[in-house]
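Work through the exercises below with the structure in view. Try each task before reading its solution.

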Amino acid sequence: GTAFALIALDSGNYYDNATGTTARNAWIKSLCDAQISDGSWGIDADFPGSNVDMTAMVVQALAPYCDENKDVKAAVDKALTWLSAEYQKSGDYGSSESAAQVIVALSALGIDARTNADFQYKGISVLSNFLSYADETTGGFLHVKIDPDSGREATVNQMASEQAAYTLVAY
């Protein structure tokens with residue numbers, strides 16, 4: 001919630017006064033303090049542990065502050081190292097939404113998800129991997145490639161398709 005609150009606050013000139021500055025600084029500090037030692041972020045206290053989606057979303061929220069805050073820059077750099085290592089394990093984050101969040105985070109930092117060497121696996125970029133979830137018949141996107149319940153090819157998923165749309169815009 002904190003990451004999305006910061007993104008929302010930064011989506012316009014909302015509260016560009018002492019109150020807004022205080023809120024921003026508190027949320028930035030809260031996000032940095034919540035970073036796990038490996039560089040990632042988790043969902044919350046009820047779901048502890050590293051999570052690709054949450055890490056990428058927090059990076060998106062912190063991206064505008066990297067140039068002016070050395071602690072934010074260090075946290076984001078550590079997160080990028082973790083996200084890169086997760087991608088380079090197999091060349092797939094396991095869902096189109098996870099890849100989507102990483103691409104949006106990279107775009108927010110001005111990093112090209114197609115060409116950046118840290119987000120390549122055997123010559124396949126995170127962007128190419130993300131696009132492999134597209135369904136050529138419908139134009140929608142799959143959440144996963146194989147349905148874990150049936151073991152068959154998955155079908156188009158509305159949330160995956162929505163995230164794909166804004167990912168392509170961000171890229």
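Helices here are DSSP runs of H or I with at least four residues, strands are runs of E with at least two, and both are numbered from the N terminus. The model is predicted.

**Exercise 1. The fold in outline**

Task: State how many helices and strands the protein chain has, and give their order.

Solution:
- Step 1. Count the elements. The protein chain has seven helices and two strands.
- Step 2. Read from the N terminus. The order is α-α-α-α-α-β-β-α-α.
- Step 3. Check compactness. The radius of gyration is 17 Å, close to the 16 Å that the globule rule gives for 171 residues, so the chain is as compact as a globular protein of that length.
- Step 4. Add the dimensions. The C-alpha trace spans about 55 × 35 × 30 Å along its principal axes.

**Exercise 2. Surface, burial and contacts**

Task: Find what share of the residues is buried and what share of the exposed area comes from carbon and sulfur atoms.

Solution:
- Step 1. Start with burial. Of the 171 residues, 40% are buried.
- Step 2. Turn to the surface. The protein chain exposes about 9200 Å². Carbon and sulfur atoms supply 53% of that area.
- Step 3. Look at contacts between residues at least 6 apart in sequence. Of these, 57% join residues at least 24 apart.

**Exercise 3. The largest pocket**

Task: Work out which helices supply at least two residues each to the lining of the largest pocket, and which gives the most.

Solution:
- Step 1. Note the volume. The largest pocket has about 170 Å³.
- Step 2. Locate the lining. Among its residues are Phe4, Leu31, Trp41, Met54 and Val58.
- Step 3. Assign helices. α1 (2–10), α2 (18–33) and α3 (52–62) each supply at least two lining residues. α1 gives the most, with three.
- Step 4. Sort by class. The lining has eight nonpolar residues, four polar ones and no charged ones.

**Exercise 4. Ile28 and Ser50**

Task: Decide whether Ile28 is buried or exposed, then place Ser50 on the same scale.

Solution:
- Step 1. Find Ile28. This residue sits in helix α2.
- Step 2. Apply the cut-off. Buried means under 20% relative accessible area. Ile28 has 6%, so Ile28 is buried.
- Step 3. List what Ile28 touches beyond four places in sequence: Leu6, Leu62, Tyr65, Asn69 and Val72.
- Step 4. Move to Ser50, in the loop between α2 and α3. Its relative accessibility is 35%, so Ser50 counts as partly exposed.
- Step 5. List the contacts of Ser50, again beyond four places: Ile36, Asp38, Ser40, Trp41 and Trp82.

**Exercise 5. Sequence distance and space**

Task: For Asp53 and Tyr93, give the separation in sequence and in space.

Solution:
- Step 1. Place Asp53. This residue is in helix α3.
- Step 2. Read the pair. Asp53 and Tyr93 are 40 residues apart in sequence and 9.3 Å apart in space, C-alpha to C-alpha.
- Step 3. Add another pair. Ser50 and Thr21 are 29 residues apart in sequence and 29 Å apart in space, C-alpha to C-alpha.
- Step 4. Return to Asp53. Beyond four places in sequence, Asp53 contacts Glu97, Ser98 and Gln101.

**Exercise 6. A positive phi**

Task: Say where Lys122 lies and what its phi is near.

Solution:
- Step 1. Lys122 is in the loop between β1 (120–121) and β2 (124–125).
- Step 2. Its phi is near 50°, a positive value in a residue other than glycine.
- Step 3. Exposed means over 50%. Lys122 has 72% relative accessibility, so Lys122 counts as exposed.

Key: Residues are numbered from 1 along each chain as its sequence is written. This is a predicted model: local features need pLDDT of at least 70, side-chain atom pairs count only at pLDDT 80 or more; totals for chains, interfaces and linings use all residues. Side-chain values use heavy atoms; hydrogens and water are left out. On a 1 Å grid over the protein atoms alone, a cavity is a set of points where a 1.4 Å probe fits but cannot get out, and a pocket is an open set with protein on both sides within 12 Å along at least five of seven lines; lining residues have an atom within 4 Å of a point. Grid points are joined across faces, edges and corners, and a volume is the space filled by probe spheres set on the points. Ala, Val, Leu, Ile, Met, Phe, Trp, Tyr, Cys and Pro count as nonpolar, Asp, Glu, Lys and Arg as charged, and the others, Gly among them, as polar. The radius of gyration is taken over C-alpha atoms; the globule rule is 2.2 Å times the number of residues to the power 0.38. Buried means under 20% relative accessible area, exposed over 50%, partly exposed in between (1.4 Å probe, protein chains only). Contact means heavy atoms within 4.5 Å. Accessible areas come from the Shrake-Rupley method with a 1.4 Å probe; for residues, only the protein chains shown count as cover.
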